[in-house]
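Reader: I am new to this structure, and I would like to understand how the words used to describe it are justified. Could you take me through the reasoning?

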Amino acid sequence: MNVPAIVCRGVGKSFGGTPVLRELSLVVPTGELLGLVGPNGAGKSTLLRTLVGLVGRDSGAVAVLGLDPGRDPVAVTRRACYLPGETGVYLQMTGAEFLAFASGFHPRRDAARERRLADAFELPLRRKVRGYSAGMKQKLALLATLAPDVDLYLLDEPDRALDASVRLLLRDELRAMKALGKTIVLSSHHLSEVETLADRLVFFWQGALLADDEIAAARAQLRRRPRVRLRPGAALPAGARELRREPDGTLVVETDADPMTWLRGVPDGAVECAEIGVPRLDDLYDALFAAKARGGRT
């Protein structure tokens, strides 16, 4: 029987009396690429630190690759790589020295992946890290995290401070790693990246995972919010309200009736194009969390 890569049961953690993880339960099958989604302070980073033993839990049970990170963090570290959200590189080292230091924690490396990333990143490895830009430090940390050949990769904001071309390269590399059977847990504020990569998404709010029925309700709400682009000079037809205008002029609207029914009643030529029934992750994020941040319900 295939043992899950991660199992969390009722995990709780508080800092200074403030709960950060609340009875959190989560199972990540081996080989899955899981996306963690939620606002800052929701508990995503604390969960990742708990999984590698950097933060001790107050309650509940955790198994990472069959090991308890609270009891044996070194064994977990041998089989898992963790990229923190705040880039942790030693400024007094050269890039090469830092990579040599980081490689000491992992006995196996993927030499082909390491060469691909090193060639693409073009880092000045003989220079002291203190002279690196933020993007260069992030590339160095990524190289140190992704080069080892381990079973599990925990990546907290891996695309932070990276330009678009490097983010595309990272996306392709993560897909290739998943094809090799690696388990990857990814947190990112670039929602389009998470949406493209992840097999499954979990949504965090105040240290807990949102229930499936709450997510389903938000998705149902979004199905009544099509995107439409009107022909020049056309007014929004009756039966819909404008919620947002995007930079290209596309309108996100909410319809009174079913969107398809509304669209069939629109005069010919008023709408140049429409997108219906395809809720995007950024819209789902707003539907789930915007009302909560205002103190209301989704």
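Author: What follows is a set of questions about a predicted model, each answered by setting a value against its cut-off.

Reader: What makes up the protein chain overall?

Author: The protein chain has ten helices and 13 strands, and its C-alpha trace spans about 65 × 45 × 40 Å along the principal axes. Of its 298 residues, 46% are buried, a word that stands for a relative accessible area under 20%. The protein chain exposes about 14600 Å², of which carbon and sulfur atoms supply 51%.

Reader: Why is α4 called roughly antiparallel to α6?

Author: Helix α4 (residues 111–121) and helix α6 (residues 164–179) pack at an angle of about 175°, their axes being 11 Å apart. Angles over 145 degrees count as roughly antiparallel, and therefore α4 is described in that way relative to α6.

Reader: Which residues make the contact between α4 and α6?

Author: On the side of α4 they are Arg 113, Arg 116, Leu 117, Ala 120 and Phe 121, while α6 contributes Val 166, Leu 169, Glu 173 and Met 177.

Reader: Why is Glu 23 called exposed?

Author: Glu 23, which is found in strand β2 (residues 18–28), has a relative accessible area of 59%. The term exposed applies over 50%, so Glu 23 is exposed.

Reader: What is noted about the phi of Glu 23?

Author: Glu 23 has a positive phi of about 45°, although it is not a glycine. That deserves a remark because most residues other than glycine have a negative phi.

Reader: Where does Ala 161 lie, and why is Ala 161 counted as partly exposed?

Author: Ala 161 lies in the loop between β6 (152–156) and α6, and it too is a residue other than glycine with a positive phi, here about 70°. Its relative accessibility is 43%, and since partly exposed covers what falls between under 20% and over 50%, Ala 161 counts as partly exposed.

Reader: What makes Phe 101 eligible for a surface patch, and which residues form that patch with Phe 101?

Author: Phe 101, found in helix α3 (residues 95–103), is partly exposed with a relative accessible area of 36%. Patches are made of residues with over 30% relative accessible area and no salt bridge, so the 36% of Phe 101 meets the area requirement. Together with Tyr 90 and Phe 105, Phe 101 forms a nonpolar patch on the surface, and the three have about 280 Å² of accessible area together.

Technical notes: Residues numbered from 1 in each chain as written. Predicted model: local features only at pLDDT ≥ 70, side-chain atom pairs only at ≥ 80, totals over all residues. Heavy atoms only, no water. Patch = residues over 30% accessible without salt bridge, like charges linked within 9 Å, V, L, I, M, F, W, Y side chains within 5 Å. Areas by Shrake-Rupley, 256 points an atom, 1.4 Å probe, with all protein chains shown as cover. Salt bridge = Lys/Arg side-chain N within 4 Å of Asp/Glu carboxyl O. Helix = DSSP H or I, 4+ residues; strand = E, 2+ residues; numbered from the N terminus. Buried < 20%, exposed > 50% of the residue type's maximum accessible area, 1.4 Å probe, protein only. Axes fitted to C-alpha atoms, helices over the stretch in contact; angles between N-to-C directions. Parallel < 35°, antiparallel > 145°, perpendicular 65-115°, else oblique. Contact = heavy atoms within 4.5 Å.
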